[in-house]
Amino acid sequence: MTPIEKIIDLYSEYKFYQIEVKDPKYHDHIQNDCIYINSLQSEEDQATTLLHELIHATYDSENLEKLKNVPALKAEHFARHIENREIKRYLA
């Protein structure tokens with residue numbers, strides 16, 4: 001089972017889509033219960049990105065499109081912290 005499959009199995013309440021986006025800066029986005037990740041990224045980047053978005057989906061209620069307000073910045077920091085801690089479990 002790939003790291004991405006391991007993560008997806010734990011979150012059946014979401015729909016996951018791998019899409020091809022040639023812009024190397026695009027990794028993902030989440031819209032309602034759908035999470036889109038860039039299939040052109042490495043498998044490790046996709047797994048990390050997927051986990052990051054799931055953390056936002058699980059814990060955030062803020063609109064994170066404008067990362068200028070304090071709650072959005074705190075949410076982003078929190079997601080990165082948990083992502084960095086948890087990704088090791090899926091990549092092992």
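## Contacts and overall layout

Residues 24 or more positions apart make up 40% of the protein's contacts that have a separation of 6 or more, where a contact means heavy atoms within 4.5 Å. This is a predicted model, so local features need pLDDT of at least 70 and side-chain atom pairs count only at pLDDT 80 or more, while totals for chains, interfaces and linings use all residues. Residues are numbered from 1 along each chain as its sequence is written, and side-chain values use heavy atoms, with hydrogens and water left out.

The protein has 3 helices and 3 strands, and its pattern along the sequence reads α-β-β-β-α-α. Both kinds of element are DSSP runs numbered from the N terminus: helices are H or I with at least four residues, strands are E with at least two. Of the 92 residues, 33% count as buried. On that scale, buried is under 20% relative accessible area, exposed is over 50%, and partly exposed is in between (1.4 Å probe, protein chains only).

## Confidence

How confident is the predictor here? The mean pLDDT of the protein is 82, and 85% of its residues reach 70 or more; pLDDT is the predictor's confidence in each residue, from 0 to 100. Among the elements, β1 has the highest mean pLDDT, at 93, and α3 the lowest, at 78. Where pLDDT is low, the predicted coordinates should not be read in detail.

## The nonpolar core

The largest nonpolar core has 14 residues. Such a core is a set of buried Ala, Val, Leu, Ile, Met, Phe, Trp, Tyr and Cys residues joined through side-chain atoms within 4.5 Å. Ile7, Ile35, Leu50, Leu51 and Leu54 are the members that touch the most other members. The elements that put in two or more residues are α1 (3-10), β3, α2 (43-59) and α3, and α2 gives the most, with 5 residues.

Take isoleucine 7 from that list. Leaving aside residues up to four places away in sequence, isoleucine 7 touches Ala47, Leu50, Leu51, Leu54, Ile87 and Tyr90.

## The β2-β3 hairpin and a helix neighbour

Strands β2 and β3 pair in the antiparallel sense over 4 bridges; for two strands to pair, DSSP has to find at least two bridges between them. Their hairpin has 2 residues between the strands, and asparagine 32 takes a positive phi near 60 degrees there. Aspartate 28 has isoleucine 37, in β3, as its bridge partner.

Both of those bridge partners turn up again around threonine 49, a residue in helix α2. Threonine 49 touches His27, Asp28 and Ile37, again not counting residues up to four places away in sequence. With 10% relative accessibility, threonine 49 is buried.

## Salt bridges

How many salt bridges does a search of the whole structure find? It finds 3, with a salt bridge taken as a side-chain nitrogen of Lys or Arg within 4 Å of a carboxyl oxygen of Asp or Glu. One of them joins the side chains of aspartate 33 and lysine 15, at 3.0 Å from N to O. Aspartate 33 sits in the loop between β2 (28-31) and β3 (34-38) and lysine 15 in strand β1 (residues 15-19), so this pair ties together parts that are 18 residues apart in sequence. Aspartate 33 is partly exposed at 28% relative accessible area, and lysine 15 is partly exposed too, at 39%.

Further along the chain, Arg85, Glu86 and Arg89 are linked in a network of salt bridges. The side chains of arginine 85 and glutamate 86 meet at 3.0 Å, N to O, and those of arginine 89 and glutamate 86 at 1.8 Å, N to O. Arginine 89 and glutamate 86 are 3 residues apart in helix α3 (residues 70-91), so about one helical turn separates them. Glutamate 86 is buried at 15% relative accessible area, whereas arginine 85 is partly exposed at 49% and arginine 89 is exposed at 54%.

## The aromatic pair

The structure holds 1 aromatic pair. Tyrosine 17 and tyrosine 36 are stacked, 5.2 Å centre to centre with 20 degrees between the planes. The test is that rings of Phe, Tyr and Trp (its six-membered ring) have centres within 6.5 Å; planes under 30 degrees apart count as stacked, over 60 as edge-to-face and the rest as tilted.

What does this pair tie together? Tyrosine 17 lies in strand β1 and tyrosine 36 in strand β3, so the pair links parts that are 19 residues apart in sequence. Tyrosine 17 is partly exposed, with a relative accessible area of 34%.
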